[in-house]
Amino acid sequence: MLQKSLGARTKFLNWHGSECQLFVTEPELIKEILMNREGAFPKMDMVGYAKKLLGEALITNEGEKWAKIRKLANHTFHAESLKSMVPEMSSSVAIMLERWKNYDGEEIDVFKEFGLLTTEVISRTAFGSSYMDGKHVFEMVAKLTALTVRNQYKVKIPGISMLLKKSDDEVEAERLEKSIKSSILEIAKQRKNMKEGDNFGSDYLGQLVKISHESDVKKRITIDQMIDEIRTIYGAGHLTTTSLLGWCIFLLAINTEWQDKSREEVNRTFGKNSPDSDGIARLKIMNMIINECLRLYPPVLTVTRKVAKEVKLGDLCLPPKMNIFISILALHHNPQIWGKDVHLFRPERFEGGVAKATNNNGAAFLPFGLGPRTCVGLNFTTNEAKIALSMILQKYKFVLSPNYVHYPADVFLLTPKNGVQVILKKI
Ligand code: HEM
């Protein structure tokens, strides 16, 4: 392993079989990579299990194919459209809290609960259906994710792997990929049959079905792409938010002074009412808490790119096809950026905003990435988290259960492997 160290700033090369990976943790270089608009650092090629999981869609595509869907997704998951989703999100949280109503002084695993909540929210808002309608797709995506995680460090030797018999996991992954595709196709067909003419509905599903029927070939997407785009949102749209909410409740359960501050702000803003979009935008303390949670426990740990053709990066000359790994976790835990208390939960560091917290270092805090490929669900997920946290804080105080075992694990996303058990106390 070749390592070039500049104090706490480190970049190093790692060989994963025949694949060369450059790990980068320096904000200036990360900015150069993620903000590049000349196509010098496109998305890394997906192979094997990851390709089956992510398909060829918004997260992985480049060029025209990407731009077409990004525009559509921007429209669905931004500002005005999000306002209309607030009542749907609140109703989904209310359903969850209804399940909690007999929990007073009792232990509950909120991480499990958030898994159900976030699938319900994405089903209602993006696909106009309930969780139950897409339940089998979520379950199959979860199984495929587990297979991807189990096999992520397996090395494939070019040429030789093709001669070997497929492993049980590979066979199962192929079966799941096919079943996910045919179930999604069924969901899209139902939408097409339900609607008259070319009005397929204003949600994400409706918009994707619509452009798969465009008469103008340049605007149209293929049925396969439509399926992959829907599958992407089934995956990206809920596990990430589940992780964020799980870590937020964990941190608030052990930092009860911040729980009280946040509850006081929520009561001041909404009283006993459901959250509304104007109030959500004013939740300053909750915003600081969420940012600090995303800093300490970023759900997406690493962002990857590849080198398109020979390019200079800082003092390095990178050859084509080299893969680049950007560690968000390393950035967020760098004491040179965040100070000696880097590992402590201190939401007050975000009091003056992200720029102040990072000393105007725009690439030091990247839970949602940076540049043109920044997370399209950023506002969606923070709105959802704020609504869920507000409604929980309005009804409950909570502390960590003695049964909780701290086990943050990298299972595609940073996840509390043993769940998050808290003791709820009704207010
Ligand atoms: C806490 C929650 C979330 C986190 C931490 C997160 C993180 C990220 C990050 C780091 C990226 C950039 C990846 C890169 O540059 O390679 C990204 C991209 C993306 N995210 Fe999220 N995400 C979250 C929630 C969501 C949600 C709720 C959705 C969907 C509703 C979503 C959909 C996407 C999509 C489609 C992309 C690809 C965008 C593109 O390449 O143009 N994410 N996310």
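**Strand pairing, iron site and second largest pocket**

In strand 12, Val-422 is the residue opposite Ile-108. The model is a predicted one, and this pair belongs to the contact between strand 4 and strand 12 (residues 421–426), where three bridges join the two strands in an antiparallel arrangement. Gln-421 of strand 12 is likewise placed opposite Asp-109. Helix 5 packs on the sheet here and touches both strand 4 and strand 12. The direction of helix 5 makes about 45 degrees with that of strand 4.

On the other pairing of strand 12, five bridges connect it to strand 9, again with the two strands running antiparallel. Tyr-396 faces Lys-426 of strand 12. Helix 18 lies across strand 9 and strand 12, and its direction is at about 100 degrees to strand 9.

Taken as a whole, these strands make an open sheet of three strands in the order 4-12-9, with antiparallel pairing. Strand 4 (107–109) and strand 9 (396–400) are at the edges; each has a single partner strand, so one side of each is left without a neighbour in the sheet. On average, neighbouring strands of this sheet are turned by 40 degrees against each other, direction ignored. Strands of a sheet pair through backbone hydrogen bonds, in either a parallel or an antiparallel manner.

A further antiparallel pair is formed by strand 10 (residues 408–411) and strand 11, which are joined by four bridges. Within this pair, Ala-409 stands opposite Thr-415 of strand 11. The two strands form a hairpin with one residue between them. Phe-412, in the turn, has a positive phi of about 75 degrees.

Strand 11 also takes part in the second largest pocket, the volume of which is about 680 Å³. Strand 11 (413–416), helix 5 (110–127), helix 6 (131–150) and helix 11 (239–254) each supply at least two residues of the lining. Helix 6 gives the most, with nine residues. The lining comprises 26 residues, and those nearest the centre of the pocket are Phe-111, Ala-142, Leu-239, Val-411 and Thr-415. Of these, Thr-415 is also the residue opposite Ala-409 in the hairpin. Classified by type, the lining of this pocket contains 11 nonpolar, nine polar and six charged residues.

The ligand contains an iron atom for which the protein provides a single donor, the SG atom of Cys-375, at 2.3 Å. Cys-375 is located in the loop between helix 17 (354–357) and helix 18 (378–395). Helix 18, which follows this loop, is also the helix that lies across strand 9 and strand 12.

Note on methods: Residues numbered from 1 in each chain as written. Predicted model: local features only at pLDDT ≥ 70, side-chain atom pairs only at ≥ 80, totals over all residues. Heavy atoms only, no water. Donors = N, O, S within 2.8 Å, 3.2 Å for Na, K, Ca; no water. 1 Å grid on protein atoms, 1.4 Å probe; cavity = no way out; pocket = protein on both sides within 12 Å on 5 of 7 lines; lining within 4 Å. Points joined across faces, edges and corners; volume = space filled by probe spheres on them. Nonpolar A, V, L, I, M, F, W, Y, C, P; charged D, E, K, R; others polar. Pairing = 2+ DSSP bridges. Axes fitted to C-alpha atoms, helices over the stretch in contact; angles between N-to-C directions. Contact = heavy atoms within 4.5 Å.
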